[in-house]
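Colleague: Could you take me closely through one stretch of this model, element by element, with the cut-offs behind each term that you use?

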Amino acid sequence: MKFSHQLQFNAVPDWADYYLPYSNLKKLVYSTERDRVAAYGAHRLSDDYERGPSERTALISDTDTVERENSRFIAALDQSLDKIVKFYVKKEHELYNESDELMHDVGKFDGLENGNSNDDDHLHVSSDFPRRESTTCDDDLPPNIISQNVSESDPTLLSASHDKSELHKRTIDLFVLLSELKSFVALNQTAFSKILKKYDKITHSNLKRYYVLNHVGPAYPFKGATKQKLNERIQQTERAYATLVTDGDLDLAITDLKTHLRERIVWERNMVWRDMIGQERKVQTVGVSEGKPISLRTPCGTLQLHRDQVIQGLFLAISLAVFALLTKVNLFDQPEQNLCFAILVFASMLWAGEVMPLFVTALVVPFLIVILRVMRSEDGTERLDAPDATKRVFASMFSPVIMLLLGGFAIAGALSKFGIAKSMATFVLSKAGTRPNRVLLVNMFVATIASMWISNVAAPVLCFSLIQPILRTLPVDSSFGPCLIIGIALSSNLGGMASPISSPQNVIAIQNMNPPPSWGEWFFAALPLCIIGNIIIWLWLLWNYKPEKHTPQIHAIRASNDPVTFTQIYVGLVTLVTIVLWCLAHTYEGVFGDMGVIAIIPLIAFFGPGLLTKDDFNNFLWNVIMLAMGGIALGKAVESSGLLQTIATHIEELVTGMTAFEILFVFSCLVLVMATFISHTVAALIVLPIVAEVGSRLDDPRPRLLVMGTAFMCSSAMGLPVSGFPNMNAISQENELGQPYLSTKDFIMNGIPSSVFAMFCVTTLGYGLMSLMGY
């Protein structure tokens with residue numbers, strides 16, 4: 001968790017405005033960094049343009065500038081520190097007065113219980129405890145909040161001031177507030193240390209030691225004597241609680257009070273956490289605007305619907321109507337084929353319209369397959385009943401391909417969790433220098449390579465986090481920021497074809513290839529396409545954005561200096577052994593049987609010793625796994641019902657006389673259009689089984705070539721913001737002012753041409769490479 005989130009998460013909500021403004025100070029640090037880089041570029045450009053400045057020289061300015069920047073940052077810190085001190089003094093005065101009154105009342109009550117006090121003595125109760133108005137006159141400080149345990153207007157409170165339960169409540173409230181005040185001091189002290197450390201790291205200054213010793217340390221809340229006095233007040237409250245509640249048992253009293261404190265913290269954190277999650281969801285929502293809801297009056301009340309809900313409801317109604325119509329129309333000779341065609345069209349419409357989450361539609365598929373009885377026996381002579389169809393469907397859903405997907409997720413999780421992927425990426429990026437053209441190309445290849453091993457879903461997230469030091473130091477009007485972000489997105493899409501585990505569509509392709517390709521064969525066809533495709537897209541982006549014209553040089557990325565650990569070595573070796581075995585799967589087929597069995601190795605190696613935990617397992621992309629399982633079930637039903645053969649026969653008539661090259665080109669154009677508007681995975685689920693069957697019916701059967709080439713095209717569709725997760729992640733990137741770097745126009749101007757370039761690469765170079773392998 002970032003410290004800014006940690007600070008917000010642990011802060012007392014009522015005091016949130018009086019903590020160190022860590023996020024604002026962090027923006028000031030980044031602003032200083034950006035100003036230094038800009039100043040360096042203006043004065044030292046000619047000297048370091050080719051040679052490239054070092055990380056340190058890029059952030060060093062003249063002495064006057066450094067002093068001016070330090071003074072500006074110190075002034076901001078002083079202002080925050082003064083606010084913290086005033087708030088603490090006010091709170092301390094208030095709570096210590098309440099503590100004195102409480103100790104007096106506890107003493108009175110103890111005397112009354114022992115019969116040592118006159119009946120005329122009455123306990124003093126503060127009706128507005130624990131957050132009553134302070135006697136200090138600070139207009140900039142907030143009024144105190146009345147405790148929820150006590151009401152000013154409660155007429156029974158004053159008349160029952162001697163009640164033990166009231167003293168019990170007051171003691172708990174005082175303990176909680178004193179503990180929160182102690183936490184307030186500790187959090188702010190940590191915040192000062194963190195922000196000064198970040199400032200020194202970014203600007204290569206040495207301000208932390210000076211400011212902590214001369215400003216933070218001597219400040220009243222952070223003095224040792226102040227902390228000691230606060231601890232004594234907390235201990236005094238614990239003793240009072242022991243007197244009132246636990247018959248003098250101090251250990252039991254402390255345990256009881258800490259339980260109350262924990263309950264208060266849990267409640268407050270739940271409130272803060274919900275707010276934080278809501279803000280994160282708003283940031284991560286891509287192009288979604290609820291707009292003004294539509295109100296409908298019903299007998300049960302007013303129903304409010306948003307525009308998107310209305311559109312989805314209409315699309316669902318149309319899909320259901322089409323499904324019902326197709327179940328009644330006899331388009332094919334066999335009833336199983338008619339019903340299976342209805343399921344195929346219905347699922348395709350739901351997937352294309354995203355009426356419900358994709359994996360939910362995938363779960364609908366086996367349900368409909370069984371209840372509509374579209375499955376046939378192995379010899380195709382009889383229609384299977386529901387029990388037999390259920391066994392066939394679920395047996396096919398958990399195939400070795402699903403284990404391959406799980407093994408890939410385990411490798412990706414380990415590489416990310418232990419920082420291996422980030423360390424390797426930063427090492428490569430640190431060698432890229434400061435010229436935008438070169439940095440763009442290196443980032444694109446890093447994104448593609450990362451997609452090979454941690455999937456093209458996780459790779460752009462990693463890469464976008466790595467380029468933040470570059471983005472925050474760019475001028476506001478620089479074209480390099482959008483160029484770099486869209487370059488990473490497009491190269492991550494290309495990386496989706498790089499390895500069998502880099503994207504779900506590759507797993508679906510392997511399912512439809514018999515025999516499945518080895519990893520070595522996949523690399524032989526895919527890697528040249530990725531390299532050539534990245535270079536072509538890079539040249540297009542340079543021509544379109546001209547980044548060096550606006551930004552001659554940029555801030556260099558630092559390599560990670562963390563030492564290599566034994567755990568990282570272990571994870572690397574397990575990953576390497578698994579990949580080598582995958583590449584040699586055909587050679588050792590008599591031992592392992594299938595690549596899915598080899599995929600069990602990283603699952604055991606990482607989860608067995610506890611390197612990956614149950615939470616990591618739960619964080620796997622189970623929605624992707626369910627989507628793949630639903631697609632496999634649909635493919636099995638289409639094949640078993642005979643629908644696949646019937647469709648393939650009709651398509652075969654249309655492509656009679658066409659070569660495999662021409663058929664690949666036709667299917668590539670079809671898939672490119674489909675995958676641009678719907679999910680890459682969904683396009684693969686719908687098209688690849690048909691492609692495999694058509695390829696097997698050619699005079700020169702080449703189903704593996706057509707399936708692999710079509711799968712490559714699924715990853716090459718990147719013309720719109722909704723065309724794949726990398727694009728959706730890219731368009732959500734915003735600068736510090738909350739303005740998006742990219743718009744739909746950027747994807748139309750760059751994504752569509754890149755998709756066309758990739759299609760020509762697949763249908764020419766890819767066709768040649770796959771033909772060389774004998775596909």
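Modeller: Helices (H or I, at least four residues) and strands (E, at least two) are taken as DSSP runs and numbered from the N terminus. The model is predicted, so that local features need pLDDT of at least 70 and side-chain atom pairs count only at pLDDT 80 or more, while totals for chains, interfaces and linings use all residues. Residues are numbered from 1 along each chain as its sequence is written, and side-chain values use heavy atoms, with hydrogens and water left out.

I would begin with the strands that come before the helix. Strand β1 covers residues 294-298 and strand β2 covers residues 301-305, and the two run antiparallel, joined by 5 bridges; two strands count as a pair if DSSP finds at least two bridges between them. Together β1 and β2 make a hairpin, with 2 residues between the strands. Among the bridge partners, L296 is matched with L303 in β2.

Helix α10 then takes up residues 335-353, and because a helix is expected to span 1.5 Å times one less than its number of residues, its 19 residues should extend over 27 Å, which agrees with the 27 Å that separates its end C-alpha atoms. This helix is mostly covered, since 15 of the 19 residues in α10 are buried, where buried means under 20% relative accessible area, exposed over 50% and partly exposed in between, with a 1.4 Å probe and protein chains only. Just after α10 comes E354, whose phi is positive, at about 50°.
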